[in-house]
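Welcome! Please take a moment to look over the sequence and the model below, then try each exercise before reading its solution.

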Amino acid sequence: MSTPTGPASGLPVRMPRPRQPGRHRRPEPLVAPEDAPALVLAVPGAPSSTVRSLAEEVVSIARSELPGLDARIGYLDGDDEEFPSLQSVLAYTGEERTARFEQARAAGADVKAPDGPVAVVVPLLAGPDSALLRQIRQAVMDSRVAAELTDVLGPHPLLAEALHVRLSEAGLARADRARLFTVATAADGIILASVGGDEAVQAAGITGMLLAARLAVPVMAAALDQEGSIASVAEQLRDSGSQQLALAPYLIGPEIDASLLEEAAKEAGCSASEALGPYPAIGKLALAKYTTALGIAPQQAQSSPVR
């Protein structure tokens, strides 16, 4: 039998740790509110098993950050069977909510009629692309449900971190800024490749400044979908003294044909890193767009040094 000062038998007793008072107290984990709208990830590009795997990993990260989150995937070019279209996912989500309400009322529960958005649609896009965003808006309208559409994921410091990681994985940048060692293939100039025209280039340029600060090399954005843009930026970088360039796709991946990246790298005469893909920051940013739309505030994801 134990006493307030310890166990009578002399054996140690595991006592519960008191909650830490004050502003340094660890925050309670956030859980999705009951009956919260679904997070629907709007995935552009041609659906494939690779694209589905990427999208599923992104929503898995979001769910891990917010337990109880109802996260779904809708494809802009889906076929409603193996790859459900964004429009059909939204319509089905609305039907489910209505059915839950009617079942609860039929069971005698005192429930209010559902109101507010059925879903929050988050585009799986690093930067603005007016053509794809128009397609997403049209799918939302055609679904005939109340859904809120968020902004794209960038610009954001976490995307600069993701770009740094992809460059380091390709041997085109130092993996850790704190360690004083060199990489023989490290680039001394980065072309940040985006799609979506001038607006996308401007948005990519903001993240590019953050990447330049991380790598201490010049970074310039260029448009993959504008003829001559990649070659022009490559020439500008070389004229300014950069000799070993690298192409860094400011793209998640599904929004463009991979062959365009290969052609762009050849056009610039340099190596390229992989697209951002399901880097953990992508899931965290998608969730941040969702929680901001709902006015709830999870613990902010922060950029960390690449090691």
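## Exercise 1: An open sheet

Within this sheet, alanine 246 has serine 271 in β10 as its bridge partner. Keep in mind throughout that the model is predicted.

Task: find out in which order the strands of the open sheet containing β10 are arranged, and which strands lie at its edges.

Solution.

Step 1. Start from the pair just named: β9 and β10 run parallel and are linked by two bridges.

Step 2. Move on to β7 (residues 189-194), which is joined to β9 (residues 245-249) by five bridges, again in parallel. You can check this pairing at two places: glycine 189 has leucine 245 as its bridge partner in β9, and isoleucine 191 faces leucine 247 in β9.

Step 3. Put the order together: the four strands run β8-β7-β9-β10, with parallel pairing. The edges are β8 and β10 (271-272), each of which pairs on one side only.

Step 4. Add the helix. α7 (residues 258-268) packs on the sheet and touches β7, β9 and β10, and its direction makes about 160° with that of β9. Together, β9, α7 and β10 form a right-handed β-α-β unit.

## Exercise 2: Two faces of a strand

Task: decide whether the residues on the two faces of β9 are buried or exposed, then do likewise for β3.

Solution.

Step 1. Recall a general point: in a regular strand, side chains alternate between the two faces of the sheet.

Step 2. Sort the residues of β9. Leu245, Leu247 and Pro249 are on one side, Ala246 and Ala248 are on the other, and all are buried.

Step 3. Now sort β3 (residues 38-43). Ala38, Val40 and Ala42 point one way, Leu39, Leu41 and Val43 point the other way, and again all are buried. In numbers, six of the six residues of β3 are buried.

Step 4. Look at the neighbours of β3. With β5 (residues 119-123) it pairs in parallel over five bridges, and alanine 38 sits opposite alanine 119 there. With β4 the pairing is also parallel over five bridges, and leucine 41 has isoleucine 73 as its bridge partner.

Step 5. Trace the connection: β3, helix α1 (residues 49-65) and β4 make a right-handed β-α-β unit.

## Exercise 3: The largest nonpolar core

Task: identify which residues of the largest nonpolar core touch the most other members, and which helix gives the most to this core.

Solution.

Step 1. The core has 54 residues, and Leu41, Leu167, Ile190, Leu192, Leu211 and Ile282 touch the most other members.

Step 2. Helix α4 (residues 157-169) gives the most, with seven residues.

Step 3. Zoom in on leucine 192. Setting aside residues up to four places away in sequence, its contacts include Leu163, Leu211, Val219, Met220 and Tyr250.

## Exercise 4: A charged residue in a helix

Task: arginine 166 lies in helix α4; work out whether arginine 166 is buried or exposed, and what its side chain contacts.

Solution.

Step 1. The relative accessible area of arginine 166 is 12%; because buried means under 20%, this residue counts as buried.

Step 2. Its side chain makes a polar contact of 3.0 Å with the side chain of glutamate 169.

Step 3. Beyond four places in sequence, arginine 166 is in contact with Ser273, Glu274, Ala275, Leu276, Gly277, Pro278 and Tyr279.

## Exercise 5: Unusual backbone spots

Task: locate the loops that hold proline 155, aspartate 80 and alanine 216, and say what the backbone does there.

Solution.

Step 1. Begin with the general expectation: most residues other than glycine have a negative phi, and most peptide bonds are trans.

Step 2. Proline 155 is in the loop between β6 (147-149) and α4. The peptide bond leading to it from glycine 154 is cis, with omega near 0°.

Step 3. Aspartate 80 is in the loop between β4 (71-75) and α2 (86-106), and its phi is positive, near 70°. With a relative accessible area of 46%, aspartate 80 is partly exposed.

Step 4. Alanine 216 is in the loop between α5 (197-215) and β8 (219-223). Its phi is also positive, at about 60°, and alanine 216 is exposed, with 68% relative accessibility.

Note on methods: Residues are numbered from 1 along each chain as its sequence is written. This is a predicted model: local features need pLDDT of at least 70, side-chain atom pairs count only at pLDDT 80 or more; totals for chains, interfaces and linings use all residues. Side-chain values use heavy atoms; hydrogens and water are left out. A nonpolar core is a set of buried Ala, Val, Leu, Ile, Met, Phe, Trp, Tyr and Cys residues joined through side-chain atoms within 4.5 Å. Buried means under 20% relative accessible area, exposed over 50%, partly exposed in between (1.4 Å probe, protein chains only). Contact means heavy atoms within 4.5 Å. A polar contact is a pair of N or O atoms within 3.5 Å; within protein, one must be able to donate a hydrogen and the other to accept it, and residues adjacent in sequence count only if both atoms are side-chain atoms. Two strands pair if DSSP finds at least two bridges between them. A crossover is right-handed if, with the strands pointing away from the viewer, the path from the first strand over the helix to the second runs clockwise. Axes are lines fitted to C-alpha atoms, for helices over the stretch in contact, and angles run from 0 to 180 degrees between N-to-C directions.
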